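Reader: I would like to learn how to read a protein model. Can we go through one together?

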Amino acid sequence: MTRLTKTLLLASGAALLTTGFATAPVMAQEILFWSTQARPVEEAQAMRDDVLAGFDGPGEVDYSPQDGGPFITRLEAEFTTGEGTIGLIGALHGDFSALGNDNLMDLSGIDVSSLGISPALLELGQLGSGEQLYMPWMQATYIMAANREALPYLPDGADINALTYDQLIQWATNMAEETGSPKFGIPAGPSGLKHRFFQGYLYPSFTDSMVTEFRSDAAEDMWETFMELWAVTSPASPSYNFMQEPLLTGEVWVAFDHTARLAEAFNQRPEDFVAFPAPAGPTGRGFMPVLAGVGVPVTAPDQDVSMDLTSYLMEPDTQIATLRATNFFPVVDVELPAEMPASVRASSAAVAAQSASADANPGLLPVGLGDLGGQFNAVYVDTFERIALAGQDIRTVLDDQAETLREIMEEAGAPCWAPDPASDGPCPVN
Amino acid sequence: MQARSLPYLLLAPASVFLVVFFLYPAIDVAIQAFTVEGEWTWANFGDMVDHWKFESALWNTLLLAAIVVPLQIALSLFMATMVTKMKRGRDLILYIWTIPLGISDLAAGIIWLAILEQNGFLNSALFGLGIIDSPTTILSYQNPWVLLIAVAIAEIWRSTAIVLVILVAGMGLIPKEYYEAAEVFGAGPWKRFVRITLPMMRPSLQTALILRTILAFEVFAVVIALAGTNMPILMGEVYEWEFRLRDSGVASAYALVVLGISIAFTIFFLWALRVPKGARV
């Protein structure tokens with residue numbers, strides 16, 4: 001072998017080794033916090049500087065927010081090999097149910113009894129297993145936000161804190177007719193959360209159901225009502241992912257979205273926007289609470305540190321810091337300090353009014369779907385896209401999508417959740 | 001021995017890289033497309049074809065390629081002809097024309113989104129000039145043709161340069177003598193272009209067409225940025241099924257469709273633009 005060949009081989013070998021190490025595990029004492037939450041750059045930085053910096057562990061916490069795809073791909077790779085570098089998982093309830101119960105450690109050993117976490121939330125964290133597979137971490141919901149300029153167009157006699165869907169349609173119609181362009185919007189973009197609007201808001205409000213009555217006559221009426229609203233909804237809605245953006249530019253005056261996705265509007269111009277509860281339909285005021293949790297993968301390098309970090313995140317002070325960083329509300333019983341961001345003040349009142357309203361009809365996040373959660377959401381998104389965007393016949397689409405929904409429920413074997421009455425076997429689709 | 005083994009040793013790292021990161025995953029994808037829980041089946045393809053978006057995704061992708069690729073070839077031929085005729089400043093113009101090559105497709109999509117969205121530059125300009133009364137929604141599900149045209153413009157803007165670079169190189173290889181002879185016999189510029197330039201450029205046209213067509217079937221980020229889910233395309237569905245619907249089987253089936261179309265077009269161009277053996281320079 002010539003000298004040149006040797007040098008080249010050595011060089012390429014060295015290059016391979018360095019690239020290999022660049023992606024290889026971080027130093028042993030660091031703990032990798034792998035999360036689908038707090039993804040925007042500012043939120044992620046706030047998590048690192050204001051929330052996790054205070055953790056008194058053997059090393060720093062490496063907070064690594066991920067998109068859904070890479071998030072699951074790496075976890076699955078670690079589960080498959082049985083060896084991992086991820087110390088803590090932060091994700092939504094639905095993400096956890098897709099991970100597989102065997103891959104998550106039981107966190108029952110962490111004493112949270114004095115923190116006042118709602119038993120309903122703790123039960124969601126068990127994923128039906130009887131073990132605490134994830135710890136409730138923070139919560140949010142979806143509400144409505146309006147630019148103050150929109151308020152004069154409210155229909156006569158309408159109370160913004162107790163609207164009905166008919167009044168919302170009238171309001172949107174007034175705005176569209178008098179300003180010349182539709183001013184109501186929903187986050188129907190590619191990563192917008194429109195499916196929650198149908199699952200947790202419209203369906204419970206019109207059919208008192210999310211799954212069982214999917215193709216009922218009431219559902220048909222519901223979609224007809226929705227189409228009245230859609231006619232006076234901004235046609236740019238299918239490109240909105242976070243409603244705070246069109247609210248801030250003034251493209252949209254009234255919007256439905258996740259509290260965290262409206263927050264910037266309240267924070268940047270607190271005087272200009274109001275938050276209020278979602279409207280009510282014939283069967284009540286449907287709304288969907290959202291829960292994020294933290295869990296420890298069985299492949300975590302140092303499970304004790306992961307558990308310590310979990311308990312640290314549950315402490316009331318950490319929960320308040322998390323609220324500031326992410327606009328997600330605490331799950332523990334805690335008194336909010338007075339000087340909170342404008343978004344927190346605005347939305348906490350609306351969230352409270354929504355869940356405490358006399359006709360409140362909560363529609364819970366899907367439970368027990370495993371990795372079929374995405375396909376479950378797709379049923380609602382497809383129904384919306386076929387009816388509203390492709391202009392297909394409502395009855396045909398509902399019958400068609402109901403079949404897909406039934407197959408998913410049967411494949412997952414998931415029993416009903418609220419507002420559908422409990423079922424013995426898989427939740428039926430009538 | 002050393003001299004003989006050296007080329008292989010030098011090629012080895014790249015080959016290993018390609019096998020590990022391209023060939024192996026590609027085979028894995030093919031297996032996934034034809035299996036459900038370890039059993040061989042066509043079910044993934046059935047699910048794919050039955051889905052209501054399949055037809056429009058396939059149609060949109062083909063239509064987009066049919067619009068974008070011929071326009072880019074024509075445009076690049078025109079630009080390449082101009083560039084080769086230039087005496088001074090040729091390099092500068094080429095550098096400027098190839099700037100979009102350095103921009104990622106997502107960035108290109110976002111740039112055009114900034115122009116075309118409701119509060120974008122186009123609307124502001126029209127509004128500022130008093131041509132429209134209020135900013136309008138240009139990129140809306142209500143005007144699918146506008147979406148298609150917007151995506152086509154962004155794609156043409158972004159990726160014509162790659163075709164241009166190939167064609168400029170090819171054009172430079174044509175011996176001057178052919179043109180001189182044609183001129184002697186009185187052939188005009190158009191005739192020289194059609195009878196000399198085009199036939200002599202077959203190999204580079206072939207390369208450019210194959211490369212651009214394959215890339216056109218892989219179009220993804222520009223469409224996502226400009227049209228969101230309003231314009232389904234094949235690669236968008238691959239992403240949708242893999243990451244949102246978590247069904248790798250159907251995603252793989254879509255990926256194989258893209259691969260199949262790409263192979264079919266590659267074979268077609270190899271055949272249609274082949275240079276007869278006796279005519280090779």
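Author: We will take strands, then the core, then helices, a loop residue and the contact between chains.

Author: This is a predicted model, in which local features need pLDDT of at least 70 and side-chain atom pairs count only at pLDDT 80 or more, while totals for chains, interfaces and linings use all residues. Residues are numbered from 1 along each chain as its sequence is written, and chains are lettered from A and ligands numbered from 1 in the order in which they are written.

Reader: How do I read a strand, and which residues lie on each side of strand 1 of chain A?

Author: In a regular strand the side chains alternate between the two faces of the sheet. Helices (H or I, at least four residues) and strands (E, at least two) are DSSP runs, numbered from the N terminus. A residue is buried if 20 or more other C-beta atoms lie within 10 Å of its own, exposed if 12 or fewer, and partly exposed in between, with C-beta atoms placed from the backbone. Strand 1 of chain A covers residues 31-35, and 5 of its 5 residues are buried. On one side are A:Ile31, A:Phe33 and A:Ser35, and on the other A:Leu32 and A:Trp34.

Reader: What does strand 1 of chain A pair with?

Author: Two strands pair if DSSP finds at least two bridges between them. Strand 1 of chain A runs parallel to strand 2 (residues 61-65) of chain A, joined by 5 bridges. Within that pair, A:Leu32 has A:Asp62 as its bridge partner.

Reader: Which strands pair with strand 4 of chain A?

Author: Among them is strand 6 of chain A, which pairs with strand 4 (residues 135-147) in the antiparallel sense over 5 bridges. Strand 7 of chain A is also antiparallel to strand 4, with 4 bridges. A:Ala146 makes a useful marker: it stands opposite A:Val254 in strand 6, and its bridge partner in strand 7 is A:Val274. Strand 7 (residues 273-276) is covered on both faces, with A:Phe273 and A:Ala275 buried on one side and A:Val274 and A:Phe276 on the other.

Reader: Is strand 6 of chain A buried or exposed?

Author: Strand 6 (residues 254-258) is mostly covered, as 5 of its 5 residues are buried. Strand 6 also runs parallel to strand 5 (residues 184-185) of chain A, with 2 bridges. There A:Phe184 stands opposite A:Val254.

Reader: What is a nonpolar core, and how many residues has the largest one?

Author: In soluble globular proteins, nonpolar side chains tend to be buried together. A nonpolar core is a set of buried Ala, Val, Leu, Ile, Met, Phe, Trp, Tyr and Cys residues joined through C-beta atoms within 7 Å. The largest here has 184 residues, and those with the most contacts inside it include A:Val254 and B:Tyr254. Helix 7 (residues 144-172) of chain B gives the most to this core, with 11 residues.

Reader: What is B:Tyr254 in contact with?

Author: Two residues are in contact if their C-beta atoms, placed from the backbone, lie within 7 Å. Leaving aside neighbours within four places in sequence, B:Tyr254 is in contact with B:Met48, B:Leu234, B:Glu237, B:Val238 and B:Trp241.

Reader: How many residues of helix 8 of chain B are buried?

Author: The count is 0 among its 9 residues (176-184), so this helix is hardly covered. Just after helix 8 of chain B, B:Gly186 takes a positive phi of about 85°.

Reader: Why does A:Asp333 count as exposed?

Author: A:Asp333 counts as exposed because it has 12 C-beta neighbours inside 10 Å. A:Asp333 lies in the loop between strand 10 (329-330) and helix 13 (342-356) of chain A. Leaving aside neighbours within four places in sequence, A:Asp333 is in contact with A:Leu115 and A:Gly116.

Reader: Where does chain A touch chain B?

Author: The contact takes in 27 residues of chain A and 23 residues of chain B. On the chain A side, helix 1 (3-23), helix 3 (68-81) and helix 14 each supply at least two residues. Helix 14 of chain A gives the most to that side, with 7 residues.
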